[in-house]
Amino acid sequence: MDKVCAVFGGSRGIGRAVAQLMAQKGYRLAIVSRNLEVAKATAGELGGNHLAFRCDVAKEQDVQSTFQEMEKYLGPVNFLVNAAGINRDSLLVRTKTEDMVSQLHTNLLGSMLTCKAAMKTMIQQGGSIVNVGSIIGLKGNVGQSAYSATKGGLVGFSRSLAKEVARKKIRVNVVAPATRHVKVTGIPSKIL
């Protein structure tokens, strides 16, 4: 059976880097993005039998349909990476409510919906989930209160889900990358 990895947000940034690594490790990939053309380009650059899918993770029906398509063409998803995310930097008093809602829906609800959809097959076969958070979700940052809330929420969600599904041989982890400009306890992030 093929190892199948779905990378939501896999067409650029951290998601793209993860997709490149997973391709090298022999996984068949589903590169998932809101922009199908960019996802197709990424899948093509990876070589092999990787496929591209369009999905808005904030829409439950999109997520469910995407999982059905992935399983139809690639097989059951063994490994899920949630790297889809948006950021609308602004001081809270200047942040538009629709920007707060869109960040919550994409960064937090989107990962919850993809995890829920992945559970349908992972509960029977086991699997692994990696949610991409941010150091901002742990430490906060000026002008990023809404973004920080979404990424902090992702940490709590990931910890709770890990406890819910551990007995079904499903691992759930969250990573919290930092930019080069953020220091954690005085240590430059490039050293971490």
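Contact here means that heavy atoms lie within 4.5 Å of each other. With that in hand, let us walk through this predicted model, starting at one residue and working outward.

Begin with Val174, which sits in strand β6. Not counting residues up to four places away in sequence, Val174 touches Asn131, Gly133, Leu154, Val155 and Ser158. Is Val174 buried, exposed or partly exposed? It counts as partly exposed, because its relative accessibility is 28% and that class runs between 20% and 50%. The chain also brings distant stretches together here: Val174 and Asn82 are 92 residues apart in sequence, and their C-alpha atoms are 9.3 Å apart in space.

Next, find Ser128 in strand β5, which covers residues 127-132. With a relative accessibility of 4%, Ser128 counts as buried. Setting aside neighbours within four places in sequence, Ser128 is in contact with Asn78, Phe79, Leu80, Met122 and Arg171. For Ser128 and Gly48, the separation is 80 residues in sequence and 22 Å from C-alpha to C-alpha.

Now turn to the interior. The largest nonpolar core has 29 residues, and Phe8, Phe67, Met70, Leu80, Ile129 and Leu161 are the ones that touch the most other members. Several elements each supply at least two residues of this core: strands β1 (4-8), β2 (28-33) and β6 (170-175), together with helices α3, α4 and α6 (145-165). Which of them gives the most? That is α4, with seven residues.

Met70 offers a good view of these surroundings. Leaving aside neighbours within four places in sequence, Met70 is in contact with Ala6, Phe8, Ala30, Val32, Phe53, Gly75 and Val77. There is also a second, separate core of 14 residues, and Cys5, Leu29, Ala39 and Val81 are among them.

Two of the helices named above deserve a look as a pair. Helix α3 spans residues 60-73 and helix α4 spans residues 97-125; their axes come within 9 Å and cross at roughly 35°. The crossing of α3 and α4 is right-handed. On the α3 side, the contact is made by Glu60, Val63, Gln64, Phe67 and Glu71. On the α4 side, Leu113, Thr114, Lys116, Ala117, Ala118, Lys120 and Thr121 take part. What kinds of residues meet in the contact of α3 with α4? Five are nonpolar, three are polar and four are charged. Phe67 is worth finding again, as it belongs both to this contact and to the largest nonpolar core.

Finish with two buried residues that have polar side chains to follow. Thr42 is in helix α2, and counts as buried at 2% relative accessibility. The Thr42 side chain reaches the backbone oxygen of Ser11 at 3.2 Å. Beyond residues up to four places away in sequence, Thr42 touches Gly10, Ser11, Arg16 and Ile31.

His50 lies in the loop between α2 (36-46) and β3 (51-54). Why does this loop residue count as buried? Its relative accessible area is 12%, and buried means under 20%. The side chain of His50 reaches the backbone nitrogen of Leu29 at 3.0 Å. Leaving aside neighbours within four places in sequence, His50 is in contact with Ala23, Tyr27, Arg28, Leu29 and Ala43. Leu29 thus links back to the interior, since Leu29 is one of the residues in the second core.

Definitions and conventions. Residues numbered from 1 in each chain as written. Predicted model: local features only at pLDDT ≥ 70, side-chain atom pairs only at ≥ 80, totals over all residues. Heavy atoms only, no water. Axes fitted to C-alpha atoms, helices over the stretch in contact; angles between N-to-C directions. Helix = DSSP H or I, 4+ residues; strand = E, 2+ residues; numbered from the N terminus. Left-handed = near helix turned anticlockwise from the far one by under 90°. Nonpolar A, V, L, I, M, F, W, Y, C, P; charged D, E, K, R; others polar. Core = buried A, V, L, I, M, F, W, Y, C linked by side-chain atoms within 4.5 Å. Buried < 20%, exposed > 50% of the residue type's maximum accessible area, 1.4 Å probe, protein only. Polar contact = N/O pair within 3.5 Å; in protein donor to acceptor, adjacent residues only side chain to side chain.
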